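This report walks through a single protein chain, looking at its charged pairs, its nonpolar interior, its enclosed spaces and a few unusual backbone positions. Please keep the sequence and the 3D view open while reading.

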Amino acid sequence: MALPESDSDLERGDSAPEFDLPGVDGETYSLDSFDATALLVVFTCNHCPYAQAKFDLLNDLAVEEDVAVVGINANDAEAYPEDSFETMRAYVEDGTIAYDAYLRDETAEVAHAYGAVCTPDPFLFRHEGGTYRLAYHGRLDDAMTPDEAATECYIRQAIDAVHAGEPVGIDPGPSRGCGIKWP
């Protein structure tokens, strides 16, 4: 099976595309909902083994100070019932997912605006002058299959650079995983 690799047109320094999406907690979220130096927007889902393999990493990042982790699920819930809003809520309630926000992109408009193509597909933004600007888009770590253990955490290095006010100097290649199941 060929895995899609992310090929977003967003360039480092570009502003984060706006969104207004429902969260599993009953709130509606936009970029203005977050107040952190580093904002990690990850297009993800419940059923993909590549996304599941990163739940713990993303949960760990979400408890850190000055990092907001936002999961956005754009998969077609009719074709993939495990990606339904109800199942997303259940994953949060049972602690499987503990991001700062887990949002539903029912029409996949936000995924298209970001240029996301796979799960997980992470975009790290730096808060500068009231705007979130892309600092890093690429792999979360060096584990290339769901069963592989990571030995290097690229997203951690990128977040550390953002917190230090430095450019993100790593480019391990595009993220890859299961393709987004477009509605």
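In this predicted model, Lys54 is buried, and Asp141 is buried as well. The two residues form a salt bridge in which the closest N and O atoms are 2.7 Å apart. The pair links distant parts of the chain, since Lys54 sits in the loop between α1 (49-52) and α2 while Asp141 sits in the loop between β8 and α5, 87 residues apart. As general background, side chains of opposite charge can pair when their charged atoms come close.

How many salt bridges does the structure hold? There are five of them, and three are set out in the table below.

| Salt bridge | Closest N to O distance |
|---|---|
| Lys54 and Asp141 | 2.7 Å |
| Glu64 and Arg156 | 2.3 Å |
| Arg104 and Glu106 | 3.7 Å |

The bridge between Glu64 and Arg156 also links distant parts of the chain, with Glu64 in the loop between α2 and β4 and Arg156 in helix α5, 92 residues apart. Glu64 counts as partly exposed because its relative accessibility is 31%, and Arg156 is partly exposed too, because its relative accessible area is 22%. These two residues do not stand alone, for Glu64, Arg156 and Asp160 are linked in a network of salt bridges.

Are the residues of the bridge between Arg104 and Glu106 buried or exposed? Arg104 has a relative accessible area of 3%, which is under the 20% limit, and therefore it is buried. Glu106, with a relative accessibility of 53%, lies over the 50% limit and so counts as exposed.

From the charged pairs we turn to the nonpolar interior. The largest nonpolar core has 29 residues, and those with the most contacts inside it are Leu124 and Ile155. Two or more residues are given to this core by each of β3 (38-43), α2 (55-62), β4 (67-73), α3 (85-93), β8 (131-137) and α5 (154-163). The largest share, six residues, comes from α5. Leaving out residues up to four places away in sequence, Ile155 touches Leu40, Leu57, Leu61, Leu124, Tyr136, Arg139 and Leu140. Apart from this core lies another one, of 27 residues, which includes Tyr29, Ala36, Phe43 and Leu103.

Helix α2 deserves a separate look. It is mostly covered, with six of its eight residues buried, and the buried ones are Phe55, Leu57, Leu58, Asn59, Leu61 and Ala62. These buried residues pack against β3, α1, β4, α3 and α5.

The next topic is empty space. The structure holds one cavity of 30 Å³ or more, and the largest cavity contains about 150 Å³ of space. Which of its 15 lining residues lie nearest its centre? They are Lys54, Pro120, Arg139, Ala143 and Arg176. By class, the lining of this cavity has eight nonpolar, three polar and four charged residues.

The largest pocket contains about 180 Å³ of space. Among the residues that line this pocket are Ser6, Asp7, Leu10, Tyr136, His137 and Pro174. Its lining is made up of four nonpolar, four polar and four charged residues.

Pro4 lies in the segment before β1 (21-22), and it counts as partly exposed because its relative accessibility is 28%. Leaving aside neighbours within four places in sequence, Pro4 is in contact with Val117, Cys118, Ser175, Arg176, Gly177, Cys178 and Gly179.

Finally, some backbone positions call for attention. Most residues other than glycine have a negative phi, and most peptide bonds are trans. The peptide bond from Thr119 to Pro120, however, is cis, with omega near 0°, and Pro120 lies in the loop between β6 (118-119) and β7 (121-128).

Asp66 has a positive phi, near 65°, and lies in the loop between α2 and β4, where it is partly exposed because its relative accessible area is 34%. Ala108 also has a positive phi, near 65°, and is found in the loop between β5 (101-104) and α4 (109-114). With a relative accessibility of 0%, Ala108 counts as buried.

Notes
Residues numbered from 1 in each chain as written. Predicted model: local features only at pLDDT ≥ 70, side-chain atom pairs only at ≥ 80, totals over all residues. Heavy atoms only, no water. Core = buried A, V, L, I, M, F, W, Y, C linked by side-chain atoms within 4.5 Å. Buried < 20%, exposed > 50% of the residue type's maximum accessible area, 1.4 Å probe, protein only. Helix = DSSP H or I, 4+ residues; strand = E, 2+ residues; numbered from the N terminus. Contact = heavy atoms within 4.5 Å. Salt bridge = Lys/Arg side-chain N within 4 Å of Asp/Glu carboxyl O. 1 Å grid on protein atoms, 1.4 Å probe; cavity = no way out; pocket = protein on both sides within 12 Å on 5 of 7 lines; lining within 4 Å. Points joined across faces, edges and corners; volume = space filled by probe spheres on them. Nonpolar A, V, L, I, M, F, W, Y, C, P; charged D, E, K, R; others polar.
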